[in-house]
Amino acid sequence: MSEVIFAYETSGEEMTLNMGPQHPSTHGVIRFIIKTDGEIMHTAIPDVGYLHRSIEGIAEKCTYEGFMPYTDRVDYVCAMTANHAWAAAVEKLADIKVPERGEYLRVITDELNRISSHAIGVGAMAMDIGATTPFMYILREREYVNDLLEMICGARLTYNYHRVGGVGWDMPTGWRDKCLRWLDHFEPIIDEYNRLICLNELFIKRLANLAVVTGEEAISYGMVGPNLRASGVDFDVRRDAPYSVYGKFQFDVPIGKGEMGTVGDCWDRYYVRIEEWKQSVRILRQAFDQIEKTEKDFWNHPKKLKPKGDAYARVEAARGDMGCYVVGDGTANAYRARFRTGSFNSMKVIQDKSRGLMVADLVALIASLDIVAPEIDR
Amino acid sequence: MEAAEIFARLTAEVGDAVSAFTALGTRDPFCMVAPARWHDVAVLLRNDAALQFDFCQCITAVDWPKKSILQMVYHLYSYPLRHSFVVKADLPRDNPTIQSVADIWMAADWNEREQFDLLGVGFLGHPDLRRVLLPDDWVGYPLRKDYKEAAMYRDMPTSRPSTLDLLVVYDRATPAEKQKAMHPGAGDEGEQETTDE
């Protein structure tokens, strides 16, 4: 814990504050009911549901393939992986094989999207605690990713590119070279970004030792992805429960080391994302190398899709292990669909860890968990 | 550990609380659990040295009105041992209750609240069983198969007319009819609506 540098006397009066639903640092519409004594919070209770569109209910009313465009809205900052989760679950349910090129294109778009999603995550975090400039720098890089993804699927945010049995289109001519050129450009930017903000003294002072979540707690809370790894748990779905073609790549899984404070503090959660950029770049280079050798076929279009039974598929989304559970009853529509998302589980972390924090530090905690409101509410 | 071994371990410890182990093709293997003994089984799954299911991945309730049951599905995963398992429990549809496991896995707290909110499953012993996504005064459980949405919620219509229908109305209707088509439910009581509150 950080050393006490000033004495603080509580007045014994509790005040209730509403933070949100339209608060810029809540990353979407979430409300926090804060009970505070002066600057020190007693509790912050998340009140979610403002973006609830009943995506799971819509899934029961669409065909399996017709539901694909809705999955983008589960997590609009990282829509590709939500596409992937739905496709993987339906493929597991109906026992469909995906052509190799389709799998490579999925991995490539997933990783590009992961880079752009982490860009929003780390950029917005810096902005939330008061550094506006880095957000602008990193958003410039995100624009390039958006351009690249627009070239391959026509959309900049809600992609709808993956299909049950493959992907919608092959990559356009020259796209591979454009991506490789951009990777060459992006890799040095990571170091530049580190010099700009990550290793900034003030930034570290704000984040180190703040809202520490131990590894054991993180597992019990059901935290996933970068948040889990920041707490020192060495687990990545891509490596430890490989899906798609992730088994064919060499990459490291960065975990929180507590370099600036304690393992599992806000700075660790932040820096794990920066490290993941480097690994995504590594995966992308290998994928672009290997995709050259694949056959032309990229979509094994299922003619009849009326599966029966149930299946659970998990993919590594930008906000961690995203699970999709599908139940089929032998008709063209899913009988029940369920998305298990990282942000929803993070809500309980905020509820518990906000005790004793300052109001300004709550903003850092929310941002460090990289919460996206539609993923909570679905 | 393979799923069959996990089931054998469970049977050895808790006997008939678990039953009907099923492993078909590529599907996830699962077993059924008696709802009244789910908490004991969950403690075993979490703490047994050979099982160590420390991650409660996903809690789902599925409504089967034809069989008159609500089925709970728990997806579990073990980080130390890297194996997974699925546990299902059939609850009677007219009184769907099961023991809460929020004290074993903290993740279960909010996930159980969500299933309570959308499907109306009662979790016995849950510390804070309130609606989470829907407003507290919402009526009914939307993901149940026989759910019918009320036409109005707090004097607000819950649906809007189809825009295709509106186009026809716009071609033919008088201004008053247009107004009524745009705001169904509003103004039915005449113009004496109270505005002073």
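The exercises below, each with a worked solution, concern a predicted model and deal with two sheets of chain A and the contact between chains A and B.

**Exercise 1.** Determine the strand order of the open sheet that contains β6, β7 and β8 of chain A, and state which strands stand at its edges.

*Solution.*
1. The order is β6-β7-β8, and the pairing is antiparallel.
2. β6 (308-317) and β8 (334-340) of chain A each have a single partner strand, so one side of each is left without a neighbour in the sheet. These two are therefore the edge strands.
3. From one strand to the next, the twist averages 10°.
4. Strand β7 (residues 320-329) of chain A is joined to β8(A) by 6 bridges. In this sheet, Y325(A) has R338(A) of β8(A) opposite it.

**Exercise 2.** Find which strands of chain A helix α3 of chain A lies across, and give its angle to β6(A).

*Solution.*
1. Helix α3 of chain A spans residues 79-94.
2. The helix lies across β6, β7 and β8 of chain A.
3. Its direction runs at about 150° to β6(A).

**Exercise 3.** Describe the open sheet formed by β1, β2 and β3 of chain A in the way used for Exercise 1.

*Solution.*
1. The strands are ordered β1-β2-β3, with antiparallel pairing.
2. β1 (15-19) and β3 (40-47) of chain A have one partner strand each, so each keeps one side without a neighbour in the sheet and stands at an edge.
3. On average, neighbouring strands are turned by 20° against each other, direction ignored.
4. β1(A) pairs with strand β2 (residues 31-37) of chain A over 5 bridges. Here M19(A) stands opposite F32(A) of β2(A).

**Exercise 4.** Work out how much area chains A and B bury between them, and which three residues of chain B supply the most of its share.

*Solution.*
1. Contact involves 36 residues of chain B and 44 residues of chain A.
2. The two chains bury about 3,600 Å² between them, and 54% of this is on carbon and sulfur atoms.
3. M106(B), W110(B) and L133(B) account for 21% of the area that chain B buries against chain A, more than any other three residues.

**Exercise 5.** Characterise the polar side of the interface, then the elements and residue classes on the side of chain B that touches chain A.

*Solution.*
1. There are 7 salt bridges between chain B and chain A.
2. In one of them, the side chains of E114(B) and R338(A) meet at 3.3 Å, N to O. R338(A) is the residue that Y325(A) faces in Exercise 1.
3. Across the interface, 22 residue pairs are in polar contact, both residues being at pLDDT 80 or more.
4. On chain B, the elements giving two or more residues to this side are β3 (55-64), β4 (69-77) and α3 (107-119).
5. β3(B) gives the most, with 9 residues.
6. By class, this side of chain B holds 21 nonpolar, 6 polar and 9 charged residues.

Key. Residues numbered from 1 in each chain as written. Chains lettered and ligands numbered in written order. Predicted model: local features only at pLDDT ≥ 70, side-chain atom pairs only at ≥ 80, totals over all residues. Heavy atoms only, no water. Pairing = 2+ DSSP bridges. Helix = DSSP H or I, 4+ residues; strand = E, 2+ residues; numbered from the N terminus. Axes fitted to C-alpha atoms, helices over the stretch in contact; angles between N-to-C directions. Contact = heavy atoms within 4.5 Å. Buried area = accessible area lost by both parts, 1.4 Å probe. Salt bridge = Lys/Arg side-chain N within 4 Å of Asp/Glu carboxyl O. Polar contact = N/O pair within 3.5 Å; in protein donor to acceptor, adjacent residues only side chain to side chain. Nonpolar A, V, L, I, M, F, W, Y, C, P; charged D, E, K, R; others polar.
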